[in-house]
Amino acid sequence: MLLELDKINVYYEKKTPVFGAPQKLHALKDVSLSVEKGEIVTIVGESGCGKTTLGKVITGLLKPASGKIAFNGIDVYSCMPWDYKKYRAAVQFVQQDSYAALNPARTIYQSLYYPIRKRLGMRRDLKEKIGDLLRLVELTPPEQFLKKYPHQLSGGQRQRVLLARALSMSPELIVADEPISMIDVSLRFAMLELFRRLNRELGITIIYITHDLSTARCVAQNGRMYVMYFGECVECGRTEDILSKPRHPYTQALLTAVPVPDPHIEKHKPEPPLRSLEAAHDGEGCCFKQRCLYADEACGQGKIGYCEEDGRIVLCRKAKELPQWDIANLIK
Ligand SMILES: Nc1ncnc2c1ncn2[C@@H]1O[C@H](COP(=O)(O)OP(=O)(O)OP(=O)(O)O)[C@@H](O)[C@H]1O
Ligand SMILES: [Mg+2]
């Protein structure tokens, strides 16, 4: 196993009025996740469910309050400093906001030069290496981009520079956080294809974070998917299985919320199993109980355990008795 997260918990301090005890926001609740070498895994869920927080935990940018992270079988928070250094280089994060992630006062050459010099040391062929990186992310000819500043590039080109910077560390795993959300729709497919090519040709493992189920399917058709809700992982399984036979009521609601261009399919798609559209969760019991059509009194008590069947993991105590969905054609 390349990466294993076990029961990760993250808290943020909430801004409170001047008086009163500081409140805590439980951003990740007992999240467990595992990724095999060479896999493409997607993490999906609505805004604020904790996707970026999970991405930061995976890449070591945020230390969880509790839980274990193992990379190549080594616990990253109790290992030797050189193993930790290796892990930080081998796991790279491509941020959502490419504008904020690049120093506006540095040219693209400078942005790539410092990390690559740090890794390889002072060498004569660093400029060539930077050119190779830019070619790898399809910014060609590289000479056209080296002297430019981030504001002189388009959103898509900036994302590719970020990806080139991540690749300069020769990573084993790249966590891409909504890498196409700021890119023009017409250019999105090319960016997604680039991630797939890096996975296929260089064997780089990819964790793709998104709220968009159709791009998740496009990137990780043969991979696995984790569905998150309110800081918890509510469903996990093969991408195709989850998109065609969602088991958790939240996944079902998420899938029915995607507009379908085909009016025939749109007309016949099932109703979302919701009794309320308001997202609220008071801590006890299931995180989805207020909105779930099937929730009963027992769903509001104690801790809900995972139900596992045929490689599918669902955080729902009624997972086995709920109506089975088969909506293979809904998400293209
Ligand atoms: N630095 C922070 N301080 C306090 N609260 C934070 C901080 N970062 C995130 N949060 C809160 O933690 C929760 C999870 O945030 P996160 O950014 O991980 O969500 P997300 O799923 O990535 O959302 P989006 O899809 O909008 O990017 C949110 O309620 C957010 O407001
Ligand atoms: Mg985010």
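1. Let's start with the layout. The domain assignment splits the protein chain into domain 1 (3-244) and domain 2 (247-332). Keep in mind as you read that this is a predicted model. The C-alpha centres of the two domains sit 28 Å apart. Their contact involves 17 residues from domain 1 and 20 residues from domain 2.

2. What does domain 1 bring to that contact? Helix H9 (213-219), strand S9 (224-229), strand S10 (232-238) and helix H10 (239-244) each put in at least two residues on the side that touches domain 2. S10 gives the most, with 7 residues. By residue type, this side of domain 1 has 9 nonpolar, 3 polar and 5 charged residues.

3. Now the overall form. The protein chain has 12 helices and 12 strands. Its C-alpha atoms fill a box of roughly 70 × 50 × 45 Å along the principal axes. For 332 residues, a compact globule would have a radius of gyration near 20 Å, and the protein chain comes in at 21 Å, so the two agree.

4. How much of the chain is covered up? Of the 332 residues, 40% count as buried. As for contacts, take the ones between residues at least 6 apart in sequence: 63% of them join residues at least 24 apart.

5. On to the inside. In soluble globular proteins, nonpolar side chains tend to be buried together. Here the largest nonpolar core has 84 residues, and those with the most contacts inside it are Ala164, Val175, Ile207, Tyr208, Tyr226, Val227 and Tyr229. Helix H7 (residues 155-167) supplies the largest share of this core, 6 residues. The core also crosses the domain assignment, drawing at least three residues from each of domain 1 (3-244) and domain 2 (247-332).

6. Valine 227 deserves a click in your viewer, as it is on that list of core residues with the most contacts. Which residues does valine 227 touch, leaving aside its neighbours within four places in sequence? The contacts are Val44, Gly45, Val234, Glu235, Ile242, His248, Tyr250, Thr251 and Leu254. One of them, Gly45, turns up again in the next point, among the residues around ligand 1.

7. Which residues surround ligand 1? They are Tyr12, Leu25, Ala27, Gly45, Ser47, Gly48, Cys49, Gly50, Lys51, Thr52, Thr53 and His211. Strand S2 (23-35) and helix H1 (51-59) each supply at least two residues of this shell, and H1 gives the most, with 3 residues. The shell divides into 4 nonpolar, 7 polar and 1 charged.

8. Is helix H1 mostly covered or mostly open? Mostly covered: 8 of its 9 residues are buried. The buried ones are Lys51, Thr52, Thr53, Leu54, Gly55, Val57, Ile58 and Thr59. Lys51, Thr52 and Thr53 are also among the residues around ligand 1. Just after H1, glycine 60 takes a positive phi of about 85°.

9. A few backbone details are worth a look, and two of them fall in one loop. Proline 141 lies in the loop between helix H5 (126-136) and helix H6 (143-146). The peptide bond leading into it from threonine 140 is cis, with omega near -10°. Glutamate 138 is also placed in the loop between H5 and H6. Its phi is positive, about 65°, although it is not a glycine. Glutamate 138 counts as partly exposed because it has 16 C-beta neighbours inside 10 Å, while a buried residue needs 20 or more.

10. Asparagine 72 is another non-glycine residue with a positive phi, near 50°. You'll find asparagine 72 in the loop between strand S4 (66-71) and strand S5 (74-75). Asparagine 72 is partly exposed, with 16 other C-beta atoms within 10 Å.

11. Last, phenylalanine 189. This residue lies in helix H8 (residues 185-202). Why does phenylalanine 189 count as partly exposed? It has 13 other C-beta atoms within 10 Å, and the exposed class stops at 12 or fewer. If you want a sense of scale, phenylalanine 189 and aspartate 30 are 159 residues apart in sequence and 34 Å apart in space, C-alpha to C-alpha.

How values were computed. Residues are numbered from 1 along each chain as its sequence is written. Chains are lettered from A and ligands numbered from 1 in the order in which they are written. This is a predicted model: local features need pLDDT of at least 70, side-chain atom pairs count only at pLDDT 80 or more; totals for chains, interfaces and linings use all residues. A nonpolar core is a set of buried Ala, Val, Leu, Ile, Met, Phe, Trp, Tyr and Cys residues joined through C-beta atoms within 7 Å. Helices (H or I, at least four residues) and strands (E, at least two) are DSSP runs, numbered from the N terminus. Domain bounds come from an automatic or database domain assignment. Two residues are in contact if their C-beta atoms, placed from the backbone, lie within 7 Å. A residue is near a molecule or strand if its C-beta atom, placed from the backbone, lies within 6 Å of it. Ala, Val, Leu, Ile, Met, Phe, Trp, Tyr, Cys and Pro count as nonpolar, Asp, Glu, Lys and Arg as charged, and the others, Gly among them, as polar. The radius of gyration is taken over C-alpha atoms; the globule rule is 2.2 Å times the number of residues to the power 0.38.
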